[in-house]
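Work through the exercises below with the model open in a viewer. Try each task before reading its solution.

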Amino acid sequence: MVTGSVAGAPWGIDLTAALWRALISLKSSTWNKPLVNNIIGTADASVSPQVQTLRVDEESAGQRLDNFLIRHLKGVPKTHIYRIIRSGEVRVNKGRASPDTRLAADDAVRLPPVRVSARALDKAQAIVPERDFAVMLEDAHLIAVNKPAGLAVHGGSGVSFGVIEQIRQSMPHASEFELVHRLDRETSGILLVAKKRSALKHLQTQFRERSTDKTYLALVRGIWPQRQKVIDLPLQKFLLTNGDGSEGERRVRVVAPSDPQGMRAITLVKVAERWDTCTLLEVTIKTGRTHQIRVHLASQGPPIAGDDKY
């Protein structure tokens, strides 16, 4: 659940009040137009398109170069996008740039010839199935949807599409919609999607500055220690090793504060309700690390019920 208010935004909106009003009178909307994304590349992976130059518009001003390219190069693997940036094949105003370079309005972004494999092309052009989403709040600047558990927020490794792709494909004039934040695939809750670049920048600034909080409800399998209210432990990502020695799934673990690879993570825990065999917690995160709530809770008390990883 996302709480807070978009204070200081030129279009001003009280997210807390608006979302709670919407929760009381939940409505839903169905978007049914299957479309196909256009991507840079050709159906024949052996044919390479020409060098292209993209002009940055006002709505894209302030966006990172890597995110700008990911949005425009549909179907091109992210690893390839980062490679052509770091190799200098991507140029901004005729100069080299890094992935985190912030673009300005009217910047010229030069793209090298980019080919897309037939497999990637098929994946990018796959028709996204229809889906009902419960709309918690919608105005001219953003839309808040109730993401169900088991659905990714965006396509990625092993996932053809997610919530944002379904919204872009199914809603009129939604091609420029962007996720304001993310939720784990198995987590349900309110997901904010910005309709305009200006709204995206204002909302992400508030999340970054912690003026807008994200609060979650978590059911843990056991009795949570009443004294455990603040978890301030660094986390580290690592990969499991498969039986054949190859790299397996990504995991996260708590490490010592002195570990140079650890990233500080802070989680606030409040007991909402307690039963004989489980506890309902209200969890607020002050940092946004991967799997932070799952790993922190499992390290300091009973794990989240149904979590097959931690």
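Buried means under 20% relative accessible area, exposed over 50%, and partly exposed in between (1.4 Å probe, protein chains only). Helices (H or I, at least four residues) and strands (E, at least two) are DSSP runs, numbered from the N terminus. This is a predicted model: local features need pLDDT of at least 70, side-chain atom pairs count only at pLDDT 80 or more, and totals for chains, interfaces and linings use all residues. Residues are numbered from 1 along each chain as its sequence is written, and side-chain values use heavy atoms, leaving out hydrogens and water.

**Exercise 1. Take stock of the whole protein.**

Step 1. Count the elements: seven helices and 16 strands.

Step 2. Check burial. Of the 310 residues, 43% are buried.

Step 3. Look at contacts (heavy atoms within 4.5 Å). Among contacts with a separation of 6 or more, 64% join residues 24 or more positions apart.

Step 4. Get the surface. About 16,500 Å² is exposed, and carbon and sulfur atoms supply 50% of it. The areas come from the Shrake-Rupley method with a 1.4 Å probe; for residues, only the protein chains shown count as cover.

**Exercise 2. Find the buried residues of helix α2 and place the helix on its sheet.**

Step 1. Helix α2 spans residues 65-72; Leu65, Asp66, Phe68, Leu69 and Arg71 are buried there.

Step 2. List what these buried residues pack against: β3 (52-55), α3 (78-86), β4 (91-92), β6 (108-111) and β9 (178-179).

Step 3. Order the sheet. Strands pair if DSSP finds at least two bridges between them. Four strands form an open, antiparallel sheet in the order β3-β6-β4-β5. Strands β3 and β5 (95-96) are at the edges with a single partner strand each, so one side of each has no neighbour in the sheet.

Step 4. Zoom in on β4 and β6. They pair in the antiparallel sense over two bridges. Arg91 has Arg110 in β6 as its bridge partner.

Step 5. Set the helix against the sheet. Helix α2 packs on it, touching β3, β4 and β6, and its direction makes about 60° with that of β6. Axes here are lines fitted to C-alpha atoms, for helices over the stretch in contact; angles run from 0 to 180 degrees between N-to-C directions.

**Exercise 3. Which residues have the most contacts inside the largest nonpolar core?**

Step 1. Fix the term. A nonpolar core is a set of buried Ala, Val, Leu, Ile, Met, Phe, Trp, Tyr and Cys residues joined through side-chain atoms within 4.5 Å.

Step 2. Read off the answer: Ile167 and Leu297, in a core of 28 residues.

Step 3. Name the contributors. Elements giving two or more residues to this core are β7 (131-138), β8 (142-147), α5 (163-170), β10 (189-194), β11 (212-220), β16 and α7.

Step 4. Trace Leu297. Beyond four places in sequence, its contacts include Ala218, Val220, Trp224, Ile231 and Val269.

Step 5. Look elsewhere. Another core of 17 residues lies apart from this one; among its members are Leu69, Ile84, Ile85 and Val90.

**Exercise 4. Describe the surroundings of β10 and of Lys195.**

Step 1. Six of the six residues of β10 are buried, so the strand is largely enclosed by the rest of the structure.

Step 2. Find the partners. β8 and β10 pair in the antiparallel sense over six bridges, with Lys147 opposite Gly189. β9 and β10 also pair in the antiparallel sense, over two bridges, and Glu178 stands opposite Ala194.

Step 3. Move on to Lys195, in the loop between β10 and α6 (197-208). At 19% relative accessibility, Lys195 counts as buried.

Step 4. Follow the Lys195 side chain. One of its polar atoms lies 2.8 Å from the backbone oxygen of Asp139. A polar contact is a pair of N or O atoms within 3.5 Å; within protein, one must be able to donate a hydrogen and the other to accept it, and residues adjacent in sequence count only if both atoms are side-chain atoms.

**Exercise 5. Is Thr287 buried or exposed, and what does its side chain reach?**

Step 1. Locate Thr287: the loop between β16 (279-285) and α7 (292-300).

Step 2. Thr287 is buried, at 12% relative accessible area.

Step 3. The Thr287 side chain reaches the backbone nitrogen of Ile266 at 2.9 Å. Its side chain also makes a polar contact with that of Gln292 (2.9 Å).
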